[in-house]
Every structure is written in structure tokens, then in C-alpha cells.
Amino acid sequence: MTSFVAATLLPAGSEALLSVMVIEQRYSFFALIMAATLGNTLGGLVTFAMGHLARNVKKDLLPKQTAGIERVRKYGVICLLFSWLPIVGDLLCFAAGWLKLNVFWSSTLLLLGKLMRYGVVILLAQGVWG
């Protein structure tokens, strides 16, 4: 749940909780990384959908020249590999939805970016405290 909320426009951090769960060793690393990745990916897709819906409801809601939209317009769905970045990631997801990028590729790259992020978090937590 924390990873889901962390991927939306709401402020939350999921890395600390994941690190504690790795240290406690009550769950397998695979289960932890899959749960965190899935939750965070779904949260990113909610933000993507918000961008898509916002554009449908009111096209002049956002200025057409925002940094997030320009970056996604320039580089395309590949930007979503960086959707895990704090603040910037939410803007990239929203911009991708706003620009109505392909949902399949957007979802795939969101998932890959989030998976890499949580893989690093687990490796660091295991290495530092394990």
C-alpha cells in the first residue's frame, strides 16, 4: 500500500518500509520486490490516468510548455524508466498520460523503472544490514 501511495501525487516514501521488511527477513526478497514494484507501478498508472483524464476534461488545464511535458514529448515513453525519481517521476507519469502515450509501453517501462529501483533498495538494505 505504501508503494502505491508513494507513486501517486501524494507524498510518501516506500523505501524505508521496504528496507525494514528486508532487515526483518519475514518475507522473501522476491515477494517484497514484487509487492513494492506492483504497488508503485499501479500508483504510477493512476497518475498516468489522471493526466489522460485531465487532458480530456480540460485541454488548457496545463500550459503546453511545462518541463515534464516537453521532456516526455522529446524522449517519449523511455522517460518512464525514470518514473521512480522523487517529484519528477510523478510529473513524467502525468505528462505521459497527458500526451496520451501508448498504455502498453508506458506500463511496461513504468514497471521496469520501478523494478530496478526496488531491486537496488533491497540490495542496499541487505548489504548494509544483512
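A contact means that heavy atoms lie within 4.5 Å. The exercises below concern a predicted model.

**Exercise 1.** Determine the secondary-structure pattern and the share of long-range contacts in the protein.

*Solution.* Begin with the elements: the protein has 6 helices and 0 strands. Read along the sequence, these give the pattern α-α-α-α-α-α. Next, take the contacts with a separation of 6 or more; residues 24 or more positions apart account for 78% of them.

**Exercise 2.** Identify the largest nonpolar core and the helices that supply it.

*Solution.* First, the extent of burial: 39% of the 130 residues are buried. The largest nonpolar core contains 17 residues, and Val72, Leu80, Ala96, Trp98 and Leu99 have the most contacts inside it. At least two residues of this core come from each of helix 3 (29-57), helix 4 (67-75), helix 5 (88-98) and helix 6 (103-129). Helix 5 provides the largest share, 6 residues. Then consider Leu80: beyond four places away in sequence, Leu80 touches Leu92, Cys93, Ala96, Ser106, Leu109 and Leu110. Finally, a second, separate core of 9 residues has Leu18, Val22, Ile33 and Ile122 among its members.

**Exercise 3.** Classify Leu91 as buried, partly exposed or exposed, and locate the surface patch to which Leu91 belongs.

*Solution.* Leu91 is situated in helix 5. Its relative accessible area is 47%. Buried requires under 20% and exposed over 50%; Leu91 is therefore partly exposed. Together with Ile87 and Val88, Leu91 makes a nonpolar surface patch of about 300 Å². For the protein, the exposed area is about 7,600 Å², of which carbon and sulfur atoms supply 72%.

Notes. Residues are numbered from 1 along each chain as its sequence is written. This is a predicted model: local features need pLDDT of at least 70, side-chain atom pairs count only at pLDDT 80 or more; totals for chains, interfaces and linings use all residues. Side-chain values use heavy atoms; hydrogens and water are left out. A nonpolar core is a set of buried Ala, Val, Leu, Ile, Met, Phe, Trp, Tyr and Cys residues joined through side-chain atoms within 4.5 Å. Buried means under 20% relative accessible area, exposed over 50%, partly exposed in between (1.4 Å probe, protein chains only). Helices (H or I, at least four residues) and strands (E, at least two) are DSSP runs, numbered from the N terminus. Patches are made of residues with over 30% relative accessible area and no salt bridge: like charges are joined within 9 Å, nonpolar side chains (Val, Leu, Ile, Met, Phe, Trp, Tyr) within 5 Å. Accessible areas come from the Shrake-Rupley method with a 1.4 Å probe; for residues, only the protein chains shown count as cover. A salt bridge is a side-chain nitrogen of Lys or Arg within 4 Å of a carboxyl oxygen of Asp or Glu.
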